[in-house]
Amino acid sequence: MSRASVEISLSAITQNFKSIKRRTTADVLAVVKADAYGHGLIPVSKALEEAGADWFGTALLEEAINLRKAGILKPIISWLTPLGEDFKSAIDLDIDLGIPSIDLLDEVIKAASLTGKAARIHLEIDTGMSRGGALSEWDQLIKSVLAGVNLKQLKVIGIWSHFARADEPDELMNQEQLSLFEQRVNQAKAAGIDAQFIHIANSAALFTNKSAHKNIIRSGIALFGLSPDVKTIGDSSSLSLKPAMKLKAKLNLVKEVKAGSSVGYGGTAVLKSDTKLGVVALGYADGIPRSTNNLAGVFVDKKRAPIIGRVSMDQFVVDLGITSTAKAGDEVIVFGDGSNGEYTVDEWAKAANTINYEIITRIGPRVPRIYPRE
Ligand SMILES: *Cc1c(COP(=O)(O)O)cnc(C)c1O
């Protein structure tokens, strides 16, 4: 192994997909934005297509184009395309586009007339999150869409929205968003928009809100074996999910350090007793959060060694304990599925005061992804 690597279990991802499928009769759209949440866009998507994923979803258009060019044949939706993107390529490559505004619709219609082919679109409604989607423009958007459909410039494939608080299933806001969504969809249908696919559910809604399933579930975090929220929805194992990412690194150095010594920038940690410290060759430039406290660390020598002192750009220090037999060059597990006693992504998220989504997506490109044969 090199300095550090991320090991991805494609079989865990395939099993998670099947576990998601068992919970719903809706199509499952695999959300593979942000390099498949850090797991590698192409290898993950190929494994999921083979496992039977019905759809793929990306934020950026370039992610969707990469998927098509890699040979993914299933429908792909790209839902975060600023004005001025290459919509002509999107239409040529049969990439579906999320449409939140008339401005964007106009550009897509222009691109469609240039290609001579109808653009496949999914109309996005803002049902209360105040982020993506049409709000006051909705009625006017419907009119423009109908005009484009009549001219065969557009094919409305879907209508969709997104929950702001699906990870808090008891929040009234979920019901409010769902009712407004259903109302808007009915209104569009009554106006003559014939959309086959209606979708609003993410992973959290998959687990907690059957009435939100409609006909596509857009699932990201669960595919990678993590819970949308451990506290409110349960942990990976209670949801029959298997974390797919394992982060490993090497100890650069092991040394005995005397009580009273301070460790790292700012001298924020002072040793209470003599101990052995290990220097791990990963830092915040690789995505290790600088704010991580000593409730995370690494697994080495069959036990946990917590972080001590501040995380640096390329390295951090762990307290191995005075009796440790770990030595320079040993491999450590930073996080994994927890089955051998190692820290989990959820523990790292808690220690860094963030969410598991951020821990897995921020591991940087300096850390190679490897796919062990399973
Ligand atoms: C990221 C994203 C999802 C997936 O959310 P998870 O919580 O990871 O399942 C679904 N829909 C949209 C629009 C997204 O941006």
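In the description that follows, Ala, Val, Leu, Ile, Met, Phe, Trp, Tyr, Cys and Pro are counted as nonpolar, Asp, Glu, Lys and Arg as charged, and the others, Gly among them, as polar. By this classification, the shell around the ligand in this predicted model is made up of 6 nonpolar, 5 polar and 2 charged residues. Of the 13 residues that surround the ligand, those that come nearest are Lys 33, Tyr 37, Ser 203, Ile 221 and Tyr 357. Two elements, helix 2 (33-37) and strand 9 (216-219), each contribute at least two residues to this shell.

Oxygen atoms of the ligand are approached both by backbone and by side-chain atoms of the protein. A backbone N or O atom of Ile 221 is found 2.8 Å from an oxygen atom of the ligand, and for Gly 220 the corresponding backbone distance is 2.9 Å. In the case of Trp 79, an N or O atom of the side chain lies 3.3 Å from a ligand oxygen atom. The ligand taken alone exposes 390 Å², of which the protein buries 92%.

The space that the ligand takes up is the largest pocket, and the volume of this pocket is about 1100 Å³. The pocket is lined by 49 residues, of which Asp 167, Asn 202, Pro 228, Ile 355 and Tyr 357 are the closest to its centre. Two or more lining residues are given by each of helix 2, helix 9 (203-208), strand 9, helix 10 (230-233), helix 11 (345-351) and helix 12 (356-361), and the largest share, 3 residues, is that of helix 11. When the lining is divided by class, 21 of its residues are nonpolar, 17 are polar and 11 are charged. Tyr 357 thus appears both among the residues nearest to the ligand and among those closest to the centre of the largest pocket.

How values were computed. Residues are numbered from 1 along each chain as its sequence is written. This is a predicted model: local features need pLDDT of at least 70, side-chain atom pairs count only at pLDDT 80 or more; totals for chains, interfaces and linings use all residues. Side-chain values use heavy atoms; hydrogens and water are left out. A residue is near a molecule or strand if one of its heavy atoms lies within 4 Å of it. A polar contact is a pair of N or O atoms within 3.5 Å; within protein, one must be able to donate a hydrogen and the other to accept it, and residues adjacent in sequence count only if both atoms are side-chain atoms. Accessible areas come from the Shrake-Rupley method with a 1.4 Å probe; for residues, only the protein chains shown count as cover. On a 1 Å grid over the protein atoms alone, a cavity is a set of points where a 1.4 Å probe fits but cannot get out, and a pocket is an open set with protein on both sides within 12 Å along at least five of seven lines; lining residues have an atom within 4 Å of a point. A molecule sits in a cavity or pocket if more than half of its atoms lie within 2 Å of its grid points. Helices (H or I, at least four residues) and strands (E, at least two) are DSSP runs, numbered from the N terminus. Grid points are joined across faces, edges and corners, and a volume is the space filled by probe spheres set on the points.
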